Amino acid sequence: MTLAVRAVFWMIAYLGAVLSPLVFAVIGASQPDHGFWTDFSVALGFVGLAMMGLEFALVARFRPLAAPFGQDALLQFHRQIGYVGLAFILIHFAISARWSELTLAKALAAPLLVWFGMAALLALIVLIGTSVWRRPLRLSYEAWHVAHTVLALVLVVGALLHVFFVDEYVNSLWKQVLWGLMSAAFVGLLVWVRLVKPRLALARPWRLERVMAERGETTTLVLKPPLAAKFRFEPGQFAWFAIGRSPFSITQHPFSFSSSAERDEVELAVKALGDFTSRAGELEPGTTVYVDGPHGVFSIDQDEGPGFGLIAGGVGIAGLISMLRTMADRQDVRPALLFYANREWDGVAFRDELERLKDRLTLTVVHVLERPPEDWAGETGYVTAEVLARHLPPGYRRFQFFICGPDPMMDAAEAALIGLGVPPERVHTERFDMV
Ligand SMILES: Cc1cc2nc3c(=O)[nH]c(=O)nc-3n(C[C@H](O)[C@H](O)[C@H](O)COP(=O)(O)OP(=O)(O)OC[C@H]3O[C@@H](n4cnc5c(N)ncnc54)[C@H](O)[C@@H]3O)c2cc1C
């Protein structure tokens, strides 16, 4: 099946899964005392609940689901559809709530279905609020991630119980069975992600072999998979790593593979950007590492072309140097043009190796420096359409382009390439700022 067909399949499956709980609403709606607005509100509630349950699937790192879209696009969708689900649930609440009875005494005496519904709604509001304003709230990524997981569980279990206590939706055995199955599917997804996958990883520990300092506050970690000859990734892909911690720990860090895909040892290039990454250089060889991957569709193996344009900003070089190292090992002499943006010349990771790679590849490297040294004769500032146009070779429109770096750079480079006539389907991006 081509990726496009698989994408359409998943979209239809998603729509089907979101709309399927309406069966309960339709059955419930046959009650004679239900007016249009009640039925409408119930339908919104059911669709909103299904969307929330399916949020787990979007972040479950299922390779078949991620393959046609890319994990970053799935996360983007997870975020956007969360707002739509919130809107549905808020409207459901606004229509269903008996506003005239909202007194403290009546609220305290409210039936269980109201309590569970309120708990779910509250969890949803806090969950979205902490996601949108994580930085202003000064929540660390780790704290946010734990809170996000707990709130998501409260939300979905609360909402499922909310429905369960509305008699008319589960008043016969087959409706209870159906509802039970649906609930099990939602909770099962969470169990799969948080318990089954880590348990499988536990049986396949990796080992940290060497730690090497690079320019630009970057550290190369050399890892050995348990069955090295059997582990394979495509250049540009990434995995989630639990380095020196349990595979059950909620926070794992995504890193691109930076080594050649043709070798048995696996390397990562880690830039000191926060709590964990700043301590990467202090990791001890021998440390156990658990890996969930490879993931991702950002790879020269997925999108073949007569040549490649690579645009890296800072540590965005990790996946792109993997592509170049792999091409060198494969003796692939198709033209490759690397635009590599950094702040300062001293901080350009792998710059010496890139020079050496030119001997093994048809490679041109264009360094773009924000703060160049005085005697710098190369490109300065940012990767703009003008910079690209100055170096792109004839026939570049048929190349495949891969961009990885800070978000603003990626947006600008993507727009510039499309402006220069590169078809959008030949421009591929990997976003490190997923959250
Ligand atoms: C697909 C992908 C590939 C990546 N590849 C590389 C790479 O090859 N080299 C590299 O240096 N960095 C890479 N990153 C970024 C790297 O995952 C984060 O810099 C790192 O997890 C930060 O952890 P920290 O504890 O040092 O930072 P923190 O102080 O916890 O946070 C710094 C910022 O990093 C982000 N972040 C933190 N933890 C995570 C996490 N577990 N998952 C996602 N984002 C997180 C958050 O936006 C946070 O605000 C990649 C990210 C993604 C999504």
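This dialogue reads selected features of a predicted model.

Visitor: Where should one begin with the ligand, and which residues come nearest?

Guide: Begin with the residues around the ligand. There are 24 of them, and Arg134, Gln252, His253, Pro254 and Thr277 come nearest.

Visitor: Which polar atoms of arginine 134 and glutamine 252 face atoms of the ligand, and at what distances?

Guide: For arginine 134, an N or O atom of the side chain is 2.7 Å from a ligand oxygen. For glutamine 252, the partner is a polar backbone atom, 2.5 Å from a nitrogen atom of the ligand. Aspartate 275 also offers a polar backbone atom, which is 3.1 Å from an oxygen atom of the ligand.

Visitor: How much of the ligand's accessible area does the protein cover?

Guide: On its own the ligand has 870 Å² of accessible area, and the protein covers 92% of that.

Visitor: Which elements give two or more residues to the shell around the ligand?

Guide: They are helix H8 (141-164), strand E4 (253-256) and strand E5 (266-271). E4 gives the most, with four residues.

Visitor: How is the shell around the ligand divided by class?

Guide: The shell has 12 nonpolar residues, six polar residues and six charged residues.

Visitor: Let us turn to helix packing. How are two packed helices described?

Guide: The description uses the angle between their axes and the distance between the axes. Here, the axes of helix H1 (residues 3-19) and helix H3 (residues 36-58) come within 7 Å and cross at roughly 130°. H1 and H3 are therefore oblique to each other, since angles from 65 to 115 degrees count as roughly perpendicular and those over 145 as roughly antiparallel.

Visitor: Which residues of H1 and H3 meet?

Guide: From H1 come Tyr14, Ala17, Val18 and Leu19, and they meet Val47, Ala50, Met51 and Leu54 in H3. By class, this contact has eight nonpolar residues, with no polar and no charged ones.

Visitor: Now the backbone. Which residues does a cis peptide bond join, and what is omega there?

Guide: Omega is the angle to read for a peptide bond. The cis bond joins glycine 293 and proline 294, with omega about 5°. Proline 294 lies in strand E6 (residues 288-295).

Visitor: What is phi of glutamate 217, and is the value positive or negative?

Guide: Phi of glutamate 217 is near 50°, a positive value in a residue other than glycine.

Visitor: Where is the place of glutamate 217?

Guide: Glutamate 217 is in the loop between strand E1 (206-214) and strand E2 (218-224).

Conventions
Residues are numbered from 1 along each chain as its sequence is written. This is a predicted model: local features need pLDDT of at least 70, side-chain atom pairs count only at pLDDT 80 or more; totals for chains, interfaces and linings use all residues. Side-chain values use heavy atoms; hydrogens and water are left out. A residue is near a molecule or strand if one of its heavy atoms lies within 4 Å of it. A polar contact is a pair of N or O atoms within 3.5 Å; within protein, one must be able to donate a hydrogen and the other to accept it, and residues adjacent in sequence count only if both atoms are side-chain atoms. Accessible areas come from the Shrake-Rupley method with a 1.4 Å probe; for residues, only the protein chains shown count as cover. Ala, Val, Leu, Ile, Met, Phe, Trp, Tyr, Cys and Pro count as nonpolar, Asp, Glu, Lys and Arg as charged, and the others, Gly among them, as polar. Axes are lines fitted to C-alpha atoms, for helices over the stretch in contact, and angles run from 0 to 180 degrees between N-to-C directions. Angles under 35 degrees count as roughly parallel, over 145 as roughly antiparallel, 65 to 115 as roughly perpendicular and the rest as oblique. Contact means heavy atoms within 4.5 Å.
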